[in-house]
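Thanks for coming, everyone. Let's walk through one structure together. Please have a look at it before I start.

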Amino acid sequence: RILPAARRQRTKNDGLAEMIRQILVAATASAAIFTSPACEAFVSPWRASAIHNANDPSSSSLNAEQVGIFFGTSTGSTEEAAQLLSEAFGSGVASEPIDIDGVDDVAAELGKYPALVCGTPTWNTGADTERSGTGWDEIYYTSMQDLDIAGKKVAVFGLGDSVSYSENYADGCGELHDVFSDLGCVMLGYTSQEGYQHDSSKAIRGDKFCGLLLDAVNEEDLTDERVSNWVSQLMQEGILDTNGGAVASAPPAEVAPAVVEDEAPVFVDPVLAQEIMNEVKPEGYRSHYNPRTDKTMWISADGRSSYVTEGGPGHE
């Protein structure tokens with residue numbers, strides 16, 4: 001690329017122009033990539049790594065996206081987080097977010113990318129399996145069990161409410177992690193529990209979360225920083241390194257005590273539910289219906305409180 005300053009100089013110095021032309025011809029012939037030091041100063045560490053890997057003869061495609069971003073969602077919050085992650089990696093490094101609900105051939109779609117970053121919410125709080133309430137639940141123990149992806153680098157992220165559901169914070173992320181781990185994937189991106197308000201979670205492995213956990217209800221102001229720090233961590237752990245690299249070992253799975261957990265409250269009493277709706281609807285609560293679980297989540301305008309009722313809106 002000829003910078004504007006170089007163009008101006010070309011009109012004044014034909015000798016320099018010819019030298020630049022020769023450099024460009026040589027670069028085209030060898031399929032090399034040239035960037036000026038000034039430009040490199042504005043290239044993110046993960047973007048720079050991707051450029052390096054693209055020039056590696058072992059890379060399968062010069063411009064191939066290396067990280068596939070997949071998500072399941074009901075209210076849209078997990079999709080928003082997936083978009084932030086895609087942007088943090090940078091164009092050409094990670095794919096645009098892909099809704100797992102729209103994937104017909106799971107093996108083909110997941111197989112397009114050397115590494116995966118996958119996210120889920122939690123709807124079926126306290127459940128042993130199929131906790132997400134999204135398309136992930138439909139493929140965990142069916143088509144995903146036939147995947148041949150052992151050795152693929154995978155990191156997971158999850159969304160949850162660490163205050164209203166503090167005993168089951170982002171439980172769904174733990175199941176997403178375990179399905180990939182059981183398939184032999186190399187799991188990356190374990191994070192500290194420090195700074196969160198939860199009491200317990202099925203997404204804890206050892207003393208860490210099994211991935212990036214976000215709380216768009218109570219801690220939305222921390223989301224951008226958490227996303228940025230996590231992407232930097234994944235880069236350091238070698239998510240773009242096709243030849244191996246420094247990978248953090250997974251913490252041992254937490255052994256949960258043999259107790260019966262109470263599921264998060266869902267208002268099934270029609271009278272009680274109607275009383276709640278009469279109170280919250282005038283305050284601008286938005287409804288998000290999940291047809292898979294046949295439950296509706298009502299979220300306040302400021303996003304700081306929520307209720308769940310059986311059935312769709314209008315059937316409280």
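In what order do the strands of the open sheet of three strands lie? The order is 6-8-7, and the pairing is antiparallel. Strand 6 (191–192) and strand 7 (204–205) are the edge strands, each pairing on one side only. Look at strand 7 and strand 8, residues 208–209. Two bridges join them, and they run antiparallel. One pair to find on your screen: R205 has K208 in strand 8 as its bridge partner.

A word on what you are seeing. This is a predicted model. The protein has 316 residues, and 46% of them count as buried. There are 10 helices and 12 strands. The exposed area is about 16100 Å², with carbon and sulfur atoms supplying 51% of it. Now take the contacts with a separation of 6 or more. Residues 24 or more positions apart account for 68% of those.

Next, the parallel strands. In general, strands of a sheet pair through backbone hydrogen bonds, either parallel or antiparallel. We have had an antiparallel example. Here come the parallel ones.

Start at strand 1, residues 67–71. Five of its five residues are buried. In a regular strand, side chains alternate between the two faces of the sheet. So which residues of strand 1 sit on which side? V67, I69 and F71 are on one side, and G68 and F70 are on the other. Both faces are covered.

Strand 1 has partners to show you. With strand 3, residues 115–120, it pairs in the parallel sense over five bridges. Within that pairing, V67 has A115 as its bridge partner. I69 stands opposite V117. Strand 1 is also joined to strand 2, residues 98–99, by two bridges, and these run parallel. There, the bridge partner of F70 is I98.

Move over to strand 3. Why do we call it largely enclosed by the rest of the structure? Because six of its six residues are buried. A115, V117 and G119 cover one side, and L116, C118 and T120 the other; all of these are buried. Strand 3 also pairs with strand 4, in the parallel sense, over six bridges. Here A115 turns up again, with K153 in strand 4 as its bridge partner.

C118 brings us to the cysteines. How many disulfides does a search of the whole structure find? Zero. Take C118 as a case. Its closest cysteine sulfur is in C185, 8.8 Å away, and that is too far for a bond. The cut-off for a disulfide is 2.5 Å between the sulfur atoms. Both cysteines are buried, though. C118 has a relative accessible area of 0%, and C185 has 9%.

Now follow the chain out of strand 4. Between strand 4 (153–159) and helix 8 (171–182) there is a loop, and S162 is found in it. Is S162 buried or exposed? Buried, with a relative accessible area of 0%. What does its side chain meet? The side chain of S162 makes a polar contact with the side chain of D215, at 2.6 Å. Leaving out residues up to four places away in sequence, S162 touches Y169, Q197, H198, D215, N218 and E219.

On to helix 8. This helix has 12 residues. From first C-alpha to last, helix 8 reaches 17 Å, close to the 16 Å expected at 1.5 Å a residue. Nine of the 12 residues are buried, so helix 8 is largely enclosed by the rest of the structure. Which ones are buried? D171, G172, C173, G174, E175, L176, H177, V179 and F180. After the helix comes G184, whose phi is positive, near 90°.

One last stop, further along the chain. G312 lies in the segment after strand 12 (306–310). G312 is buried, with a relative accessible area of 10%. Now find T296. It is 16 residues from G312 along the chain, yet their C-alpha atoms are separated by 5.6 Å.

To recap: the open sheet of three strands is antiparallel, in the order 6-8-7. Strand 3 pairs in the parallel sense with strand 1 and with strand 4. Helix 8 is largely enclosed, and S162, in the loop before it, is buried. That's all from me.

Notes
Residues numbered from 1 in each chain as written. Predicted model: local features only at pLDDT ≥ 70, side-chain atom pairs only at ≥ 80, totals over all residues. Heavy atoms only, no water. Helix = DSSP H or I, 4+ residues; strand = E, 2+ residues; numbered from the N terminus. Buried < 20%, exposed > 50% of the residue type's maximum accessible area, 1.4 Å probe, protein only. Polar contact = N/O pair within 3.5 Å; in protein donor to acceptor, adjacent residues only side chain to side chain. Contact = heavy atoms within 4.5 Å. Expected span 1.5 Å × (residues − 1). Areas by Shrake-Rupley, 256 points an atom, 1.4 Å probe, with all protein chains shown as cover. Pairing = 2+ DSSP bridges.
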